[in-house]
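Please open the structure in your viewer and keep the sequence panel visible beside it. The tour below proposes a series of selections and states what is to be found at each one.

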Amino acid sequence: MEKHHNSVTRTPLNSVVVQRRSKSKSYRLSYRSCLGAASRLGLTPALTARRLNTSRRAPKPHNITEKVDAEQLTLLVKTEWQLSYVTPLYQFRHTQLKSYSRQLSAFIAAEKQQGMAVEVEGPQKTFRVSFSLVQGLTESDDDAETVLVQIYSKPLFARQDEPQKPVWSGWLTCINGNPEYLGSLPKDFICLPLFGSSGAEGLTTLVKSWFQQSFDCCFGPLEISHTSLQWLMALWTNCHNEYSIQHLKMIWTLPAVPPLQVTYTVNSEDAWELWGSVRKGNRGGGGGGGGGEEAEEESSIDIEEVRRFMQGLQSHFYRHFRLDLSAGSLNQVSTALGSAKYSGRIKISNSRYMITTLTLLTECALLKMPI
Amino acid sequence: MDESTKRLLQRLMRRIPTQMLRTTLDKWGRLTGEQLQSMDFTQSKWALTEKLLAICEENELAVKHITELEMIYIIDNPNQGMWYAFQLMDPEDDAHSVELTQFKEQFKSHLRELIRHVSVKIKKHTDEAVWIRIAWGDTFSRPNHMKPTYVVHSLQTPYVFVTSLTSKQKPLLSQALVLSARYQAIKDANLSGRKLTAIRDLLMRQYHQVFPTRYPTPLAENNQTVSNQHIEREQAVPAANRLQAAYEAFGGGMLPQLQSAVYKLETKFRDHSNKTMTEREEPFRCVVKFASTNLLESLRHCASSGIASTPVTPLLSSIPLKGKNYFVITDNGPGPSSQMRQPQN
C-alpha cells in the first residue's frame, strides 16, 4: 500500500541492477529501477529515463516548531545554502557524532598544515567542529535523522565563554526519501542524499573530502532544474491563503547580446488567483477551497497544473512585450517563503513549509545521484 | 583647514582614481607648477593625500576650493551614481531667452530664500550644459558637503538631470529651478540610469527627432557562422525583415547605455484558454524589470534574432521613442505617467 499520494511515472526506465564494489558485497537496486514495475521485466532502457514525481502532495504548514528545536531551526532558515547530492554513507552512525567532530577538526588542522587553500586570518586560528543531530527534521519513518555540521573558528587564546558564530555550516538530510530505494540499501548504508553548505569554499571542500574518505561516498553539484523551480513556484504560491507569500518573483535570462535579465514580479493575490484558476476542477480563485471536505481532494498537485500556471504567467508577459520567456532560462524564483536558484542555491525563509521544499530537493538529489 | 575640510579632501582623493589625478589637479589650477611637480604620482594614494593636504594648507585653501575640485572631477566623470531626469513644463514667454548669468543669479537667490544654509556652485560646461552643485544645510546646521546634489541643465531644453537628491530636498530644488528657468512646473521624466551621458543622449535624441523611418541597409554582422545553405535561403527574407523592424524601433549604430527599464503593469489578464482569469474584473498586477549592461542593444538584438516578435511592441519601442524607462501600463486611458495600451488577444 502506498504511504504517500505520489504517483510515479510509468515510462520504461533503466533497469540496471548495480553491483556496488563495497565492503558488504551486496546487491543494491539502482534508484531508477525502483521507480517502475517495468524495470523488473528487463526492458531495454529508455532514453528519457529519470523523471521527478509528476504529482505531489500540496504543502501543509507543518508545526515543525513542535518537532524540532527552535534554535536549530533558526540556524537553518534565512541562510542561503549551496546544494549538493551525496551518495549513501557507509557506516555512518548517528551515535558517533562527537567522535566525528574531533576527527573533522583534526583533519582540517592537518590539511591546513599541508597548505591547503583555507582562508585563515592569521597563524593562530584553529577550528572547532560540532556535529549535531537535528531531531525531528524528518518526515517518513525511513528517513535518517538530519545532521548539522558547524565549524567555528577558534582563536588560540579565546575565553571559554565567548560566544562564537560559526564560520561554516552544513547539513545532510533526507526528507520523504523514496521508500523502495531506502529499503533496498544494504544494512550498513545511511542515505542522506541532500547536502547544503554555507561558508568559505575551502572549508566546504575539506568537509566533503573528509566525508568521502571516511564514509566512501561521493558528492556532486545539484542544480535546481527548470521543472523543480516551477514546482517550487507552484507549491509556494499554493500556501498563500495560509501564509502570505508577499510576491512571486521570477528572474529570467534571455540570450541577447548583451544578455538581458528580466525580473517578473507578480502581486501575491493575483498569483494566487491565477494558481487557483489552473487547478483541476477549476475551483475558482482566491479563497475558494477552504472547506474541510474539499481540503482532502485538493491535497495533490499535478505537474499539468504547474505547467498551466507557468504558461499563464508567460502568456500574460508575451501579450505585453511580445517576448518569449521560454527562449531564455529561468534562473531564480522567490517568494516570502524562500528563494531558489538554478545554480543550486536555496534559501528557506520560513520554517512552516520547509518540509515540502526539502522533500522536493531530496527527490532531486536522489535522482541526480549516479547510482 | 579645519577638520571637516580635511575629511572632504580625503574622501575626494579616495574617489578619484590615481590615473586621473594629475589632469584633474591641473584643471583645478590651485596648485603652482612647482607644487604639482613635487607630487610623485607613483606613490600610494594615501601618501599622495597627505602631500596634497600639506600643499592645501600651504596655499590656505578652504572648503569652496575643495568643492571646486570635486565638481571638476564629477563633470569629467559623470557616469557614476544614479541620475534622474526631470522635465520643465509650460514655459513662460521668456523661458527661451533665459541666459546664463540671469539663470545663475536667479537660481541662487531663489534657493537661498527657500533654505537659509545652502551652498551653491554653478559652472557652465563647454557643451551648453549648466552644472549646479548644492550642499544642503538647514536652519541650524551648516551645509553638508559630504552629500551634495548635482544638477545638470541645458538652458535651451526643458530637461534637468539630478543625482543624490533626497525627497525633502526635492521640492526646494524644483521650486528654485522652475522660477529661475522661467517655467511653471516640473515633472518626473520617468527616466533614470547610471550613465548621465546615456540618458542625456536618449532624451536629446528624442528632442531632436533624428529617428530614421527607414534604415537603409542592416549592419553586416562580421562573425556570422556559415550554416546550411537551404536554411539561409529560407531565412533570408524573415531575417532581413526582423532586422529592419529592430532598427526601426531602436535606431541604428551605437545606442545610449541604459541599464534598466521598469514596467508596472496593471492590465487585465486575458487568455482565451483560462476562462476564470479572463472574466476577472481586477487587473493582474505585476512589475517587470529589464536589465542589461546595454539595455537598448539587448532589446534590439532580441528583435533582430526573433526572441521578440516583430513588429516590436510599443511598450519596448517607447523607451527610445519617448526617452523614458519607467512606465505604468493600464487598460484605460492615459494617466499622468502612463501610456495608453489596447491589449490584443
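Begin by selecting chain B and displaying its surface: about 18,100 Å² is exposed, and carbon and sulfur atoms supply 50% of that area. Please bear in mind throughout that this is a predicted model. Of the 345 residues of chain B, 45% count as buried. Switch to a cartoon view, in which chain B shows 12 helices and 10 strands. Among the contacts in chain B with a separation of 6 or more, 69% are made by residues 24 or more positions apart.

**Salt bridges in chain B**

Side chains of opposite charge can pair when their charged atoms come close. Over all chains, the structure holds 17 salt bridges. Select Asp76(B) and Lys27(B), which form one of them, with 2.5 Å between the closest N and O atoms. This pair links distant parts of the chain, 49 residues apart: Asp76(B) belongs to helix α5 (residues 63-76) of chain B, and Lys27(B) to helix α2 (residues 18-28) of chain B. Are these two residues buried or exposed? Asp76(B) counts as partly exposed because its relative accessibility is 37%, whereas Lys27(B), at 52%, is exposed.

Next, select Lys264(B) and Glu266(B), a salt bridge whose closest N and O atoms are 3.6 Å apart. Lys264(B) is partly exposed at 33% relative accessibility, and Glu266(B) is likewise partly exposed, with a relative accessible area of 27%.

Then move to Glu279(B) and Lys275(B), whose side chains meet in a salt bridge of 2.8 Å from N to O. Both Glu279(B) and Lys275(B) are exposed.

**A network with residues from both chains**

Now select Asp270(A) and Glu273(A) together with Arg280(B), Glu282(B) and Arg285(B). These five residues are linked in a network of salt bridges.

**A helix of chain A**

Select residues 97-114 of chain A, which make up helix α3. This helix has 18 residues and reaches 26 Å from its first C-alpha to its last, close to the 26 Å expected at 1.5 Å a residue. Which residues of α3(A) are buried? They are Leu97(A), Ser99(A), Tyr100(A), Ser101(A), Leu104(A), Ser105(A), Phe107(A), Ile108(A) and Glu111(A). When viewing them, recall that an α-helix has 3.6 residues a turn, so residues three or four places apart point the same way.

**Paired strands of chain A**

Select strand β12 (residues 247-254) of chain A and strand β13 (residues 260-267) of chain A; the two run antiparallel and are joined by eight bridges. Together β12(A) and β13(A) form a hairpin, with five residues between them. Add strand β15 (residues 329-335) of chain A, which runs antiparallel to β12(A) and is joined to β12(A) by five bridges.

Centre the view on Thr253(A). Its bridge partner in β13(A) is Gln261(A), while in β15(A) Thr253(A) stands opposite Ser329(A).

**A histidine with a partner in chain B**

Finally, select His320(A), which is found in helix α9 (residues 303-321) of chain A. His320(A) counts as buried because its relative accessibility is 0%. What lies 2.9 Å from a polar atom of the side chain of His320(A)? The backbone oxygen of His316(A) lies there. To complete the tour, add Thr267(B), whose side chain is joined to the side chain of His320(A) by a polar contact of 2.7 Å.

Key
Residues are numbered from 1 along each chain as its sequence is written. Chains are lettered from A and ligands numbered from 1 in the order in which they are written. This is a predicted model: local features need pLDDT of at least 70, side-chain atom pairs count only at pLDDT 80 or more; totals for chains, interfaces and linings use all residues. Side-chain values use heavy atoms; hydrogens and water are left out. A salt bridge is a side-chain nitrogen of Lys or Arg within 4 Å of a carboxyl oxygen of Asp or Glu. Helices (H or I, at least four residues) and strands (E, at least two) are DSSP runs, numbered from the N terminus. Buried means under 20% relative accessible area, exposed over 50%, partly exposed in between (1.4 Å probe, protein chains only). The expected span of a helix is 1.5 Å times one less than its number of residues. Contact means heavy atoms within 4.5 Å. Accessible areas come from the Shrake-Rupley method with a 1.4 Å probe; for residues, only the protein chains shown count as cover. Two strands pair if DSSP finds at least two bridges between them. A polar contact is a pair of N or O atoms within 3.5 Å; within protein, one must be able to donate a hydrogen and the other to accept it, and residues adjacent in sequence count only if both atoms are side-chain atoms.
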